[in-house]
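These are my notebook entries on a single protein model. I set down what I looked up and what I found.

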Amino acid sequence: MGLDRTAVVTAALELLDDVGLDRLTMRGVGARLGVQLNTVYWHASSKPRLLELMADAMLEGCADAPLPEAWDERAHTLARRYRAALLARRDGARLVAGTHVAEEHALRFADALTGAFLAGGRAPAEAAWRTWALVYFTLGLGQEEQAAPLGVEPLLRAAAGGRFPSLAAGADRITDFEERFRHGVELIVQHRPR
């Protein structure tokens, strides 16, 4: 068997979909591949390293052409691709949020998004801040969306109870993740600093 790092990461992502992030183990990856545990460690030196490689693999293709020429449309497209990549895997947003990925696909995505903001006339520091704001917003919303069956109902009940009238005023928007995502991205992309 010509086992390589890609095969290990692919097996780990498949296992993630089957058992979730909390039950993902190096031993489980080895069992899925039919190899000894030390073989998995040969390709990923630790579980944190494996998680980094998995997170980066999830982002493959996010920055690929074609991309719109208009900077703001490009930023929106990149944000949608990023969100789709996070939601494509069980616990995907939590996996990516729990790592500090400085690998090819993550760097290409960050570079493309920062480049979109630069093309929109933002100063380099502002372009970088907008990139990270959009990434963190998408990660947080993605984690909430993936945990929604457990996390949203208590919030809706609390909002409907009358103790939190301002929250109740917008409660109908709490579960519409697509609308929340579009609105948040628009705020980050188009915001004009004072």
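**Entry 1. Alanine 116**

Leaving aside its neighbours within four places in sequence, with which residues is alanine 116 in contact? I looked this up in what is a predicted model, and I found Trp71, Arg74 and Ala75 as the contacts of alanine 116 outside that window of four places. I located alanine 116 in helix α7. Its relative accessible area is 0%, so I recorded alanine 116 as buried. I also checked a separation along the chain: alanine 97 lies 19 residues from alanine 116 in sequence, and the two C-alpha atoms are 23 Å apart.

**Entry 2. Helix α7**

I then turned to the helix that holds alanine 116. Helix α7 covers residues 104-119, and at 1.5 Å a residue its 16 residues should span 22 Å. I found its end C-alpha atoms 22 Å apart, which agrees with that expectation.

Which residues of α7 are buried? I listed Ala106, Phe109, Ala110, Ala112, Leu113, Thr114, Ala116 and Phe117. These buried residues of α7 pack against α4, α5, α8 (124-146) and α11 (177-190). After α7 I noted glycine 121, which has a positive phi, near 90°.

**Entry 3. The whole protein**

I next recorded the overall composition. The protein has 11 helices and 0 strands, and I read its pattern along the sequence as α-α-α-α-α-α-α-α-α-α-α. The C-alpha trace spans about 55 × 45 × 25 Å along its principal axes. Of the 194 residues, 40% count as buried. I also looked up the contacts between residues at least 6 apart in sequence; 68% of these join residues at least 24 apart.

**Entry 4. Helices α1 and α2**

At what angle do helix α1 and helix α2 pack? I found an angle of about 110° between helix α1 (residues 5-19) and helix α2 (residues 26-33), with the axes 9 Å apart. Angles of 65 to 115 degrees count as roughly perpendicular, and I therefore entered α1 and α2 as roughly perpendicular to each other.

On the α1 side, the contact is made by Ala7, Val8, Ala11, Ala12, Glu14, Leu15 and Asp18. On the α2 side, I listed Gly28, Val29, Arg32 and Leu33. Sorted by class, this contact has 7 nonpolar, 1 polar and 3 charged residues.

**Entry 5. Salt bridges**

How many salt bridges does a search of the whole structure find? The search gave 13, and I examined several of them.

Arginine 89 pairs with aspartate 17, and their closest N and O atoms are 2.5 Å apart. Arginine 89 lies in the loop between α5 (71-87) and α6 (92-97), whereas aspartate 17 is in helix α1, so the pair ties together parts 72 residues apart in sequence. Arginine 89 has 24% relative accessibility and therefore counts as partly exposed. Aspartate 17, at 29%, also counts as partly exposed.

Glutamate 52 and arginine 49 form a salt bridge through their side chains, at 3.1 Å from N to O. I placed both residues in helix α4 (residues 47-58), where they are 3 residues apart, about one turn of the helix. Glutamate 52 counts as partly exposed, with 24% relative accessibility.

A further salt bridge joins arginine 94 to aspartate 91, with the closest N and O atoms 3.6 Å apart. Is aspartate 91 buried or exposed? Its relative accessibility is 19%, and the cut-off for buried is under 20%, so I entered aspartate 91 as buried. Arginine 94, at 32%, counts as partly exposed.

**Entry 6. Arginine 83 and its network**

Which residues are linked with Arg83 in a network of salt bridges? I found Glu145, Glu178 and Arg182 in the network with Arg83. Arginine 83 is placed in helix α5. Its relative accessibility is 10%, so I recorded arginine 83 as buried.

I closed with the contacts of arginine 83, again leaving aside neighbours within four places in sequence. They are Thr138, Glu145, Phe177, Glu178 and Phe181. Glu145 and Glu178 thus appear in the contact list and also in the salt-bridge network.

Note on methods:
Residues are numbered from 1 along each chain as its sequence is written. This is a predicted model: local features need pLDDT of at least 70, side-chain atom pairs count only at pLDDT 80 or more; totals for chains, interfaces and linings use all residues. Side-chain values use heavy atoms; hydrogens and water are left out. Axes are lines fitted to C-alpha atoms, for helices over the stretch in contact, and angles run from 0 to 180 degrees between N-to-C directions. Helices (H or I, at least four residues) and strands (E, at least two) are DSSP runs, numbered from the N terminus. Angles under 35 degrees count as roughly parallel, over 145 as roughly antiparallel, 65 to 115 as roughly perpendicular and the rest as oblique. Contact means heavy atoms within 4.5 Å. Ala, Val, Leu, Ile, Met, Phe, Trp, Tyr, Cys and Pro count as nonpolar, Asp, Glu, Lys and Arg as charged, and the others, Gly among them, as polar. A salt bridge is a side-chain nitrogen of Lys or Arg within 4 Å of a carboxyl oxygen of Asp or Glu. Buried means under 20% relative accessible area, exposed over 50%, partly exposed in between (1.4 Å probe, protein chains only). The expected span of a helix is 1.5 Å times one less than its number of residues.
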